[in-house]
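User: I'd like to learn how to read the sheets, helices and ligand site of a model like this one. Could you walk me through it?

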Amino acid sequence: MRLAKKMSVLAAGAALTLGLAACGGSGAGAGGGAEGGGAGNGDDEVKVGVAMPTQTYERWIQDGNNVKEGLEELGYDVDLQFANDDIPTQTQQIDSMITGGVDALIIASIDGTALTSQLDAAAAANIPVIAYDRLIRDSENVDFYVTFDNYEVGVAQGNALLRGLGVIDADGEKTGEKGPFNIELFAGSPDDNNAGFFFDGAMDTLKPYLDDGTLKVPSGQTKFGQVATQRWEQETAQKRMENLLTSTYNGGTKLDGVLAPADPLSRGIITALQGVGMGPTIEKGLPVVTGQDAEIDSIKLINDGVQSSTIFKDTRNLADEAVKAAQAFVEGEEPDANDTETYDNGVKVVPSHLLPIQTVFKEDIKPVLVDTDYYTQDEVEKGQTD
Ligand code: BGC
């Protein structure tokens, strides 16, 4: 199929060149390759559709822009769309990318199970599909997956909570601190395949400490279904935290830590905690709250001693991998997978490229984020990018 794709792109290009020579370039938009489908944007430019879920999370804006830039550097045309976390918007955007004749699709799905008919249409048009960060489920027509090691993100979040509480040290060694510590748990959106990986990684890490009584969950809410946050909405997490504070922590029970799976949720949770007079900093008694994504607002909070930690996933590298995968497909080659076992989407195991992650506490901001030019020191202090 990959070779067929390459042939069709080349054939379409050749046909077009001949066509241009023969008839002075008329008929653009008529479609390049009769059988090629993927090269059907009617000119010899390669065009890639990039579908991102939302602009409410800073990371997806960066992801979208980085992928676009990388593709444009290759001379490709890019159709970049954000979908406001609305499934029909995303399906429509992908439909129109397909009818617009893209040569490859890069998709960060909102609901990983909602794109089957779009992927069928892409396959029928011989358009390769790269799942970006989030696995697309229940379809045979996902050709490649670029992501971070999502289970490891969860493990790192569990360890960051333990470290924030003083149960383990920076090297991951047990300190002998036995608490008991009261914690509450939050997970991401149930329709995002990543959310389960994050939660499983964290819970596998915390389980021994829950079992031996070092950690307790006073609300009793420990199941994914009880702690998930639909569509990763900050307000939903804040509300649930407020409800927990009223239902469980009203009579003097102390809350020591919160497992939060993403920075916007961490900030919603922190707002709820500060709203009942906790903190305002960890030093002043604010519970330890974890995070993910190293968003600039949260990096400032970590720098100020308010949020305890986050997990940095360098989206510049993820964008690079997606661009390389798209280029490989367009040129009729296979992208470079480093995992062919973990990501079963319900129909098949999708060949994947997983990238490493890094935990960030306050002392890591400079080496991990500033020295690598992810943020400037000034941006960290302002909590805003220029
Ligand atoms: C991503 C996280 C992100 C979350 C919410 C997940 O799929 O892997 O980085 O925080 O979605 O947008």
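User: Let's start with the open sheet of six strands: what is its order?

Analyst: Happy to help, and please keep in mind that this is a predicted model. To read a sheet, follow the pairing from strand to strand. Here the six strands run in the order β2-β1-β3-β4-β5-β11, and their pairing is parallel.

User: Which strands stand at the edges of that sheet?

Analyst: Look for strands with a single partner. In this sheet those are β2 (77–82) and β11 (352–355), so each has one side left without a neighbour in the sheet. Ignoring direction, neighbouring strands here are turned by 15° against each other on average.

User: How many bridges pair β1 with β2?

Analyst: Strands pair through bridges between individual residues, so two bridges at least are needed for a pair to count. Between β1 (residues 47–52) and β2 there are six, in the parallel sense. As one example, Met52 has Phe82 in β2 as its bridge partner.

User: Now the open sheet of four strands: what is its order?

Analyst: Read it the same way, from pairing to pairing. The order is β7-β6-β8-β9, with parallel pairing. At the edges are β7 (215–216) and β9 (288–289), each pairing on one side only. Strand β6 (residues 181–185) joins β7 over two parallel bridges, and Asn182 stands opposite Lys216 in β7.

User: Which strands does helix α5 lie across?

Analyst: For a helix against a sheet, ask what it covers and at what angle it runs. Helix α5 (residues 150–165) lies across β6, β7, β8 (257–259) and β9, at about 175° to β8.

User: How do I read two helices together: at what angle do α8 and α9 cross?

Analyst: Take the axes, then the handedness, then the residues that meet. The axes of α8 (residues 234–248) and α9 (residues 263–275) come within 8 Å and cross at roughly 35°; this crossing is right-handed. Residues of α8 in the contact include Met241 and Leu245, while those of α9 include Leu265 and Ile269. By type, the contact between α8 and α9 has eight nonpolar, four polar and two charged residues.

User: Last, the ligand: how many residues surround it, and which are the closest?

Analyst: List the neighbours, then look at the polar atoms. Thirteen, written 13, residues surround the ligand, and the closest are Arg59, Asp133, Arg134, Asp192 and Asp293. An N or O atom in the side chain of Asp192 is 2.5 Å from a ligand oxygen, and for the Arg134 side chain the distance is 2.8 Å. Lys313 also places a polar side-chain atom 2.9 Å from an oxygen atom of the ligand.

Methods:
Residues are numbered from 1 along each chain as its sequence is written. This is a predicted model: local features need pLDDT of at least 70, side-chain atom pairs count only at pLDDT 80 or more; totals for chains, interfaces and linings use all residues. Side-chain values use heavy atoms; hydrogens and water are left out. Contact means heavy atoms within 4.5 Å. Axes are lines fitted to C-alpha atoms, for helices over the stretch in contact, and angles run from 0 to 180 degrees between N-to-C directions. A crossing is left-handed if the near helix is turned anticlockwise from the far one by less than a right angle, and right-handed if clockwise. Ala, Val, Leu, Ile, Met, Phe, Trp, Tyr, Cys and Pro count as nonpolar, Asp, Glu, Lys and Arg as charged, and the others, Gly among them, as polar. A residue is near a molecule or strand if one of its heavy atoms lies within 4 Å of it. A polar contact is a pair of N or O atoms within 3.5 Å; within protein, one must be able to donate a hydrogen and the other to accept it, and residues adjacent in sequence count only if both atoms are side-chain atoms.
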